[in-house]
Amino acid sequence: MSAATQPVQKTGGSTPPAPAHVGIIMDGNGRWAAARGVPRALGHKAGAEATRRVVEAAADQGVSWLTLFAFSSENWRRPADEVRDLTGLMRHYLRHEVGQLVEKGVRLRIIGDRAAFGPGMLAEIERAEAATAGNRRINLNVALSYGGRAEIARAARDLARRAAAGEIDPDAIDEAALAAGLETAGMPDPDLIIRTSGEQRISNFLLWQAAYAEFVFQPVLWPDYGADHLRDAIAEFRRRDRRFGARTG
Ligand code: IPE
Ligand code: IPE
Ligand code: MG
């Protein structure tokens, strides 16, 4: 472990350690392409390259969990040709990146409505998850057709169904029961959420899980993102004072 990846020791009380779980809202592919006068599809392709770099950088920098927002449940509203480009790229990535992921010790999980992409992509997802299931260096969640509200609604619906069937007592439904019905069940909540491109909003990403996440907004467009940007965001995170509602002084 290099000095840069070592957790900062608490000195006056409040310096947080490195984030165990980082979420990234990877935004700005379209603006990157527009700035170069090239088709949006090339921006998305460059974005996929950045994704590859950042997974490696996160593992190097001691991040155990990385959740990348790649396609939101609202991104289906984009023009059909862009949706086709994006799904084609994701499918290509899934098919051709698995070997690299295994080599690099990356365990891949997809969160979101995977069935929405059709049976071909579904099979590709299942194959990639199974092939990487034994990897331990870093856990990579890729959010595809993911929406935080839909995820919470689904968990609530499941609990309601079980309560109606008499399997659980409605009065026993607590935060832990709801969290256990989310796709992130068993994973730590994100400590740090990064959004690139200058936009400062959550756009339906990890709504429940982000309750006490620190947010870092970086103006860089996603295709230009690299290891140094991630290092900067983690350094900013370590300067934050996380109180979780309590008092530190
Ligand atoms: C992020 O880049 C990729 C997806 C949301 C799928 P955008 O395509 O949103 O890029 P901008 O925001 O238009 O620049
Ligand atoms: C959020 O980006 C979703 C992803 C990065 C996958 P968008 O570009 O879709 O978000 P809005 O529409 O600007 O809020
Ligand atoms: Mg965008």
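Which residues does the UniProt annotation "binding site" cover? The exercises below concern a predicted model, and each one is followed by a worked solution.

**Exercise 1. Identify the annotated binding-site residues and locate them in the fold.**

Solution.
- Step 1. The UniProt record, an unreviewed entry, places the annotation "binding site" on Asp-27 and Glu-214. Of these residues, Asp-27 is included in the lining of the largest pocket.
- Step 2. Asp-27 sits in the loop that runs between strand 1 (21-25) and helix 1 (29-36).
- Step 3. Glu-214 belongs to strand 6, which comprises residues 214-218.

**Exercise 2. Decide whether Asp-27 and Glu-214 are buried or exposed.**

Solution.
- Step 1. The cut-off for a buried residue is a relative accessible area under 20%.
- Step 2. Asp-27 has a relative accessibility of 15% and therefore counts as buried.
- Step 3. Glu-214 likewise has a relative accessibility of 15%, so Glu-214 is classed as buried.

**Exercise 3. Describe the surroundings of Asp-27 and of Glu-214, leaving aside neighbours within four places in sequence.**

Solution.
- Step 1. For Asp-27, the contacts are Arg-195, Thr-196, Ser-197, Glu-199, Val-220, Leu-221 and Trp-222.
- Step 2. One of these residues, Arg-195, also forms a polar contact of 2.8 Å with Asp-27, side chain to side chain.
- Step 3. For Glu-214, the contacts are Asp-191, Leu-192, Ile-193, Phe-237, Arg-240 and Arg-242.

**Exercise 4. Establish whether the residues annotated "active site" are gathered or scattered.**

Solution.
- Step 1. In the unreviewed UniProt entry, the annotation "active site" covers Asp-27 and Asn-75.
- Step 2. These residues span 49 residues in sequence, yet no two of their C-alpha atoms are more than 12.1 Å apart, so they gather at one spot.
- Step 3. From this set, both Asp-27 and Asn-75 are part of the lining of the largest pocket.
- Step 4. Asn-75 is located in the loop between strand 2 (65-72) and helix 3 (80-103). With a relative accessible area of 16%, Asn-75 is buried.
- Step 5. A polar atom of the Asn-75 side chain lies 2.7 Å from the backbone nitrogen of Ser-72.

**Exercise 5. Characterise the overall fold and dimensions of the protein chain.**

Solution.
- Step 1. The protein chain contains seven helices and six strands. Their order along the sequence is β-α-α-β-α-β-α-β-α-α-β-β-α.
- Step 2. A compact globule of 249 residues would have a radius of gyration near 18 Å; the value for the protein chain is 19 Å, which agrees.
- Step 3. Along the principal axes, the C-alpha atoms fill a box of roughly 55 × 50 × 35 Å.
- Step 4. Of the 249 residues, 43% are buried. The accessible surface amounts to about 12500 Å², and carbon and sulfur atoms account for 52% of that surface.
- Step 5. When contacts between residues at least 6 apart in sequence are considered, 77% join residues at least 24 apart.

**Exercise 6. Place Arg-154 in the chain and relate its position to that of Glu-103.**

Solution.
- Step 1. Arg-154 is part of helix 5, residues 148-164.
- Step 2. Its relative accessibility is 30%, so Arg-154 counts as partly exposed.
- Step 3. Arg-154 and Glu-103 are 51 residues apart along the chain, and 35 Å separates their C-alpha atoms.

Conventions: Residues are numbered from 1 along each chain as its sequence is written. Chains are lettered from A and ligands numbered from 1 in the order in which they are written. This is a predicted model: local features need pLDDT of at least 70, side-chain atom pairs count only at pLDDT 80 or more; totals for chains, interfaces and linings use all residues. Side-chain values use heavy atoms; hydrogens and water are left out. UniProt positions are given in the numbering used here, feature names are shortened, and annotations may be inferred rather than shown by experiment. On a 1 Å grid over the protein atoms alone, a cavity is a set of points where a 1.4 Å probe fits but cannot get out, and a pocket is an open set with protein on both sides within 12 Å along at least five of seven lines; lining residues have an atom within 4 Å of a point. Helices (H or I, at least four residues) and strands (E, at least two) are DSSP runs, numbered from the N terminus. Buried means under 20% relative accessible area, exposed over 50%, partly exposed in between (1.4 Å probe, protein chains only). Contact means heavy atoms within 4.5 Å. A polar contact is a pair of N or O atoms within 3.5 Å; within protein, one must be able to donate a hydrogen and the other to accept it, and residues adjacent in sequence count only if both atoms are side-chain atoms. The radius of gyration is taken over C-alpha atoms; the globule rule is 2.2 Å times the number of residues to the power 0.38. Accessible areas come from the Shrake-Rupley method with a 1.4 Å probe; for residues, only the protein chains shown count as cover.
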